[in-house]
Amino acid sequence: MDRIIHQSFLSLDNLYNHYPALASLAINQYQLITVVWNIFLALLPLAFYMFLKSYWRRTGLIKFKQKTVAAALFIFWLLFFPNTAYIITDIRHLLNYCPFDSPNKVCADNAWMIIFFFTYASFGWVSFYYLLKSMSNLFNEIFKRLSPNFFATLVIPLSSLGVLVGLLNRFNSWDIFLFPLWLLRVLAVYFSDIDYFIDWLIFTIFLYLLYFAGDVIFKEVKKQ
């Protein structure tokens, strides 16, 4: 299927084109600066969540201005939150880490890459679960009488879209402000093209599984 690939002037690819030496700092052709950058983007929603939580408890969001500030903080959280799950997809850079004819598809020289990319992807899963659970709890604190999983149920399909437009179409979180119409046209493809729709549906299902699996696993750890 054809892919619409966005070439943003605010991307790391553009940086690597101007400074090739930075691109050489890589593991299996995956730049280490990209690792640091992606972790930074995944931590940004944590900052927005903490600001929103503090602002809510300090003000109670009584005035219209306070509600507007809270809405802005939530929107920025929502825009950057998919970067957590996006890190999980970076495990794809483990592909071809060994020569094709390596016995059992493993090689002694690069076996350490397996644990590196697994740990990196696991950080994405843990941050995805923790930030979604935290914001879900805050959402239920602000809007009482809602199902505990109501917020997560709504956000996960949106996050899945965010991951895919970053992974397949190379859009960044801030591109919604720079190229809103173009981004909306690309998003529409995920509901008009069957291949894109299947990608979105399966991503959504597995993000649900990862979230609710985290709910079980981390609750059990907390009890011990």
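A disulfide links C98 to C107, with an S to S distance of 1.8 Å. The structure in which this bond occurs is a predicted model, and it holds one disulfide. In general, a disulfide is a covalent bond between the sulfur atoms of two cysteines. The torsion about the S-S bond of C98 and C107 is about -90°, so the disulfide is left-handed.

The surroundings of the two cysteines can be described through their accessibility. C98 has a relative accessibility of 12%, and therefore counts as buried, the limit being under 20%. C107 has a relative accessible area of 13% and is likewise buried.

Attention may now turn to D90. This residue is found in the loop between α5, which spans 82–89, and α6, which spans 112–142. Is D90 buried or exposed? Its relative accessibility is 1%, so D90 counts as buried.

The side chain of D90 takes part in polar contacts with two partners, R92 and Y120. With the side chain of R92, the contact is 2.9 Å. With the side chain of Y120, the polar contact is 3.3 Å.

The wider set of neighbours of D90 is described by its contacts. When residues up to four places away in sequence are not counted, D90 touches Y30, N38, F117 and Y120. Y120 thus appears both among these contacts and as a polar partner of the D90 side chain.

Technical notes
Residues numbered from 1 in each chain as written. Predicted model: local features only at pLDDT ≥ 70, side-chain atom pairs only at ≥ 80, totals over all residues. Heavy atoms only, no water. Helix = DSSP H or I, 4+ residues; strand = E, 2+ residues; numbered from the N terminus. Buried < 20%, exposed > 50% of the residue type's maximum accessible area, 1.4 Å probe, protein only. Polar contact = N/O pair within 3.5 Å; in protein donor to acceptor, adjacent residues only side chain to side chain. Contact = heavy atoms within 4.5 Å. Disulfide = S-S within 2.5 Å.
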